[in-house]
2 protein chains.
Amino acid sequence: MVATDEFIEEAVERIGEQIGDSNAIIALSGGVDSSVAATLAYEAVGDQLTPVYVDTGLMRKGETEEIRETFSFMDSLRVIEAADRYFDRLEGVTDPERKREVIGDQFIREFEREARDVDADVLVQGTIYPDRIESEGGIKSHHNVGGLPEVIDFETIVEPVRDLYKDEVREVARELGLEEIISERMPFPGPGLAVRVVGEVTPEKADVAREACHVVEDELEEYDPWQAFAAVVGKGTGVKGDNRVHGWIVAVRSVESRDGMTARAQEIDWNTLQRIQSRITGENEDVARVVYDVTHKPPATIEYE
Amino acid sequence: MVATDEFIEEAVERIGEQIGDSNAIIALSGGVDSSVAATLAYEAVGDQLTPVYVDTGLMRKGETEEIRETFSFMDSLRVIEAADRYFDRLEGVTDPERKREVIGDQFIREFEREARDVDADVLVQGTIYPDRIESEGGIKSHHNVGGLPEVIDFETIVEPVRDLYKDEVREVARELGLEEIISERMPFPGPGLAVRVVGEVTPEKADVAREACHVVEDELEEYDPWQAFAAVVGKGTGVKGDNRVHGWIVAVRSVESRDGMTARAQEIDWNTLQRIQSRITGENEDVARVVYDVTHKPPATIEYE
């Protein structure tokens, strides 16, 4: 890559040429890739671009509020409250691939409605280089939710960071002055907390996963993991006071990786693990157990579903 | 307790008086408590005692073979192959308490049939002191399967080790020359591997739990845990070769405890955990992940269900 400031200057100019007088739209996921793509495009064409953020109910703790704040400079930002619609459609869905499909499909519905509303001809996307490779390899459904271009007709697709690796995107984010919380953010999967809930995704399980993820991100920051999170894997027995209870089993995962294609489970200090389990079980009385994932990728995936 | 040899002598004499000329029966579970009670009673009355071992399909790896061998000196030993009947009744049962009930009830059916067959008037049981306390406290269903005396009518109940603690029972076992594998055995729950399978108990899940338990017992012997085992907690995604798979999530648990009423998760060396995960995922290609339980009791129970 050329120098970062030079990259930005050239990218903004090229995006301006690509969009021209058209209306453009971009899906903001809260991740660094789409945040950078949106900011570059907004610099190029201002309110001709409509950034759309869909709150699926499967976002990180505090994420929607952070998005509103970070992108408050974009007057055209739309925040769509869609949690109820997602949970309705996820009822009874247990198969991992099917969950991804439902979420992707609902996303397309939400996004298509907004695209029609603003009469958008151009789609801006935060696709980065490893996304393209992994998608071609067929290892998993493309994690930029939806596969939008295949189902919604746009005249032009603009992908300002398509040739960058993750660390290069982060560099651009810092140079653009995007909040550190976004530029240093760990990868967060497209389907959100749905891949951190084994089996059916319910509002209750999403809440347990969201709070537990927050604890894990907080406690493991110093380990500088590629990705660290918590997942709800099922129910098991516990004891609260003198009573037997049937509570959630929460798995904690923290991995080192260069590119996400393979990964190693991180060795975490016992006292840290104890602090994590004590916070997670203490803050939520419906959690009975905390387990730490010691499996590499392969044979496990990084995410749970 | 008095000296061990003295205890044995007195116990055998007392059992002989209690049983007299009647026919007696005892359920051998494979655990040290019932093994000691059976051996004491057999010394007292010989083949007037019928020891019944029910293979529920939920036993430890190699357990049935070990029982046959260890108790080959008892001509009256009966080994009942009942796995199919247990799995039939467990189909679709997911509630932990209901699983225990079904297993307890099936056990009673198996045992009652044998008791009628030998016309037994006396029931010998391996109840020990902490069992009586925990049962009274209502923390869980009595873990000596079944609660036999409440449902089958016996004229006399004989409980030769009812006043002993676990370590005292082990001492008696060693003095009686019972195989070390039994006298040093970790506590194994009455419902067997059913409490090491979250949700429905199937032959496949029982097999995964059995093999994984074997690995854990083998690898963690040097940590001298109160109890160490593996449980099947659900399914999650994994990668084998270039393919996404949906494989079992196996939880490993190892705890320190004085009496089982409370327990602490043991700190296990990272290399040992890695050896365990690699053996468990390597020996069974349907296992995608291994997690280590870092929760104490309370808030978790020792077992999973």
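## Strand 1 of chain B and its neighbours

In chain B, strand 1 runs parallel to strand 2 (residues 49-55), and 5 bridges join the two. This is a predicted model, so please read what follows with that in mind. Within this pairing, B:I25 of strand 1 sits opposite B:T50 of strand 2. The connection between the two strands includes helix 2 (residues 32-45) of chain B: strand 1, helix 2 and strand 2 make up a right-handed β-α-β unit.

Strand 1 has another parallel partner in chain B, namely strand 4 (residues 122-124), to which 3 bridges join it. Here B:I25 turns up again, standing opposite B:L123 of strand 4.

## How covered is strand 1?

Strand 1 of chain B spans residues 24-28, and 5 of its 5 residues are buried. If you look at the side chains, B:A24, B:I26 and B:L28 point one way, while B:I25 and B:A27 point the other way. Residues on both faces of the strand are buried.

## Salt bridges in chain A

Side chains of opposite charge can pair when their charged atoms come close. Over all chains, the count comes to 53 salt bridges. One of them joins A:E81 to A:R68, with the closest N and O atoms 3.1 Å apart. This pair links distant parts of the chain, 13 residues apart: A:E81 belongs to strand 3 (residues 78-81) of chain A and A:R68 to helix 3 (residues 63-70) of chain A. Why does A:E81 count as partly exposed? Because its relative accessibility is 48%. A:R68 is partly exposed too, with a relative accessible area of 43%.

Another salt bridge brings together the side chains of A:R275 and A:E219, at 3.0 Å from N to O. It links helix 11 (residues 270-283) of chain A, which holds A:R275, to helix 10 (residues 203-220) of chain A, which holds A:E219; the two residues are 56 residues apart. A:R275 counts as partly exposed because its relative accessibility is 39%, whereas A:E219, at 11%, counts as buried.

## A buried pair in chain B, and a network in chain A

Back in chain B, the side chains of B:E305 and B:K99 meet in a salt bridge of 3.8 Å, N to O. B:E305 lies in the segment after strand 9 (287-293) of chain B, and B:K99 lies in helix 5 (residues 96-118) of chain B, so this pair links parts of the chain 206 residues apart. Both B:E305 and B:K99 are buried.

In chain A, salt bridges that share partners join A:R78, A:R85, A:E110, A:R113, A:E114 and A:D117 into one network.

Key. Residues numbered from 1 in each chain as written. Chains lettered and ligands numbered in written order. Predicted model: local features only at pLDDT ≥ 70, side-chain atom pairs only at ≥ 80, totals over all residues. Heavy atoms only, no water. Buried < 20%, exposed > 50% of the residue type's maximum accessible area, 1.4 Å probe, protein only. Helix = DSSP H or I, 4+ residues; strand = E, 2+ residues; numbered from the N terminus. Pairing = 2+ DSSP bridges. Right-handed = clockwise from strand over helix to strand, strands pointing away. Salt bridge = Lys/Arg side-chain N within 4 Å of Asp/Glu carboxyl O.
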